[in-house]
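Trainee: Got a minute to walk me through a new structure? I'd like to get my bearings before reading further.
Mentor: Sure, let's pull it up.

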Amino acid sequence: MVQKYQSPVRVYKFPFELIMAAYQRRFPTSPLIPIFVHSDIIFESKSEDGATHVIERRCTLDVDAPRLLKRIAGVEYLYFVQKNTLDWRQRTLHIEAYNESFSSRVVVREHCSYTVHPENEDWTCFEQSASMDMKSFFGFESTAEKIAMRQYAASIKKGKEIIEYYLRELEAEGVTFIPRWSTPSTSAIVSSAKAIPTATSREEHRRAPKGPAEVLSRSPEDKLDADYIRHCLGELSPLQESCLIRLRQWLQETHKGKLPKDQHVLRFLRSRDFILEKAREALCQTLTWRKQHQVDFLLDTWQCPQLLHDYYTGGWHHHDKEGRPLYILRLGQMDTKGLVRALGEESLLRHVLSINEEGLRRCEENTNIFGRPISCWTCLVDLEGLNMRHLWRPGIKALLRIIEVVEANYPETLGRLLIVRAPRVFPVLWTLISPFIDENTRKKFLIYAGNDYQGSGGLVDYISRDFIPDFLGGDCQCDVPEGGLVPKSLYHTAEELENEEVKLWTETIYKTASVFKGAPHELLIEITEVSSVITWDFDVCKGDIIFNIYHSKRAPQPLKRETLGSHGLAGPSGNNMQVIDRSWMLGQDYSMVESALTCREGESIQVCVAFICVQNVIKHC
């Protein structure tokens, strides 16, 4: 398996020439890098004007590995070849390195670059990428891989410290300025660099008011700055930074024009223990879900029914001691049966989704207010009044459905859940719902029975006394509704609720279809006006598909569902349609508009086609 690493952009607030003077002090060896034993120059060349300097070194490394492993491998040191290409005119240094030892068993490649910061020519940027392909290593592949990744992560973390150490050494020697290189004929300095969003330039990005999806046209050259990561996303290890950057790059390549915010990408990585493939799959599914149900516009479009205003006993209430938004839910006072009977499961789900969207917005606001990364919220649940009525089966079913949707699409948004005044019936409810809650989420639950929440070890440890609600013995006025029983006169029949639920989830221009080999999904579009333009917009959730557009002047037969197998069993999606008659001949009865488009898993596709005449158009997947 190939291990890859990609660093964020690390910024030194010193000129390029001074950074180069500090960098060169690392050779031929440095006491600050214990594993770096020695280096020998094996090739060196300079251009006639002195602008370009190429040095190739053979570096000796003493890797911290078990003595037994070294004896089995038959080596004491490892050897790498490093090629440095320094361009004083462009003010760039590119470093290429590869392993010489065990090159037939392990392939290691590294590329580093020092360039001028695009927004300040007196600052220097550093980037680093690497890959390691462990083919075989005497049966110790897994151990060798872990050792290599641990050593590499440690060297990455120390790299900036080493440069800063030599900068201080230069300053102590009185070297604080080194003039730029120039030719005898001109002193003009030519500099080129790629745009890098810094913590300052991302201020507008962080204040975006909507949900996790940003409708921004972001260039693939857009990169993450290490200071931005630390100030806005929190402390990450080098390998965690690499996962974030690589997942973000994949999104830039496949989801053109609409990217989730960095905070949301990081949530999915954390929820999957930074396993890139798992995080990518989950994030791809949630982006499709958000797009299909237009969740990004939920805060603007969702009109909360008055019934929820009056009887839904939950609301936002200041923040906890860590600056996280605080949500209070008086579940024991809520008539869950009445709300389900009066509004239906889907309306309640929509309301909970709007609460989560509001929570994301408040996290961004609090990040700016408190000046530190805040990516989750705290929930305080009061269970006083909880009884067997709350264990009504349809109500439990609705609760489990809400938990399922929130867990899948809002991971790592719950920082802490404080449950107070838990009655004797609570263990029954907990037994029903706990299996459906992620293990990492369950670890964030703190449960207090009776009055245990008062005093040391209770709410005061997590919430300032000034913000503890009055109904829990605090002095803060809380605007969360007290709830009560929903009047039965507001109940709806099962048929009315079903119609309302269908309306809620079909109010979207997006549809879902499953495509199988030999069972295509086809759509017929009739062009009734000349000079028409048709646009397709779809996401590929799983697997790869082929997208074709055909046109025909013949009217096809009435649509029929595609079936699987000789027994006429409907496809699992239940919505695969076949338009093109099996007797039709390509080139005679219908023709291809343009070449087939291969769409890869996870890609977001937009296709636009113009038609100058009236005809029938068929989309074929």
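**Starting from one aspartate**

Mentor: Let's begin at Asp382, which sits in strand β13. Keep in mind that this is a predicted model.

Trainee: Okay. Is Asp382 buried or exposed?

Mentor: Asp382 is buried, because its relative accessible area is 1% and anything under 20% counts as buried.

Trainee: And what does the side chain of Asp382 reach?

Mentor: It gets to the backbone nitrogen of Glu384, at 3.2 Å. Leaving out residues up to four places away in sequence, Asp382 also touches Leu329, Arg330, Leu331, Gly332, Val420, Arg421, Phe471 and Leu472.

Trainee: What about Val381, what does that one touch?

Mentor: With the same residues up to four places away left out, Val381 touches Leu329, Leu331, Leu417, Leu418, Ile419 and Val420. Val381 also belongs to the largest nonpolar core, which has 50 residues; together with Tyr312, Leu339 and Leu383, it touches the most other members.

Trainee: Which elements give two or more residues to that core?

Mentor: The helices are α10, α11, α12, α13 and α14, and the strands are β12, β13 and β14. Apart from that core there's another one, of 36 residues, including Leu18, Phe27, Val108 and Tyr114.

Trainee: Switching topic: any odd backbone spots?

Mentor: A few. Most residues other than glycine have a negative phi, and most peptide bonds are trans. The bond from Phe27 to Pro28 is cis, though, with omega near 5 degrees, and Pro28 lies in the loop between α1 and β3.

Trainee: Which residues other than glycine have a positive phi?

Mentor: Arg91 is one of them, at about 60 degrees, and His318 is another, near 55 degrees. Arg91 is in the loop between β5 and β6, while His318 is in strand β11.

Trainee: Where do those two stand on burial?

Mentor: Arg91 is buried, with a relative accessible area of 1%. His318 counts as partly exposed, at 41%.

Trainee: Last thing: what is the average pLDDT of the protein?

Mentor: It averages 82, and 82% of the residues score at least 70. Among the elements, strand β12 has the highest mean pLDDT, 97, and strand β21 the lowest, 34.

Trainee: Where does pLDDT stay under 50?

Mentor: One such stretch is residues 186–221, for which the model has 91 contacts beyond four places in sequence. Residues 561–574 are also below 50, and that stretch has 20 contacts beyond near neighbours in sequence. Where pLDDT is low, the predicted coordinates shouldn't be read in detail.

Terms used:
Residues numbered from 1 in each chain as written. Predicted model: local features only at pLDDT ≥ 70, side-chain atom pairs only at ≥ 80, totals over all residues. Heavy atoms only, no water. pLDDT = per-residue confidence, 0-100. Helix = DSSP H or I, 4+ residues; strand = E, 2+ residues; numbered from the N terminus. Contact = heavy atoms within 4.5 Å. Core = buried A, V, L, I, M, F, W, Y, C linked by side-chain atoms within 4.5 Å. Buried < 20%, exposed > 50% of the residue type's maximum accessible area, 1.4 Å probe, protein only. Polar contact = N/O pair within 3.5 Å; in protein donor to acceptor, adjacent residues only side chain to side chain.
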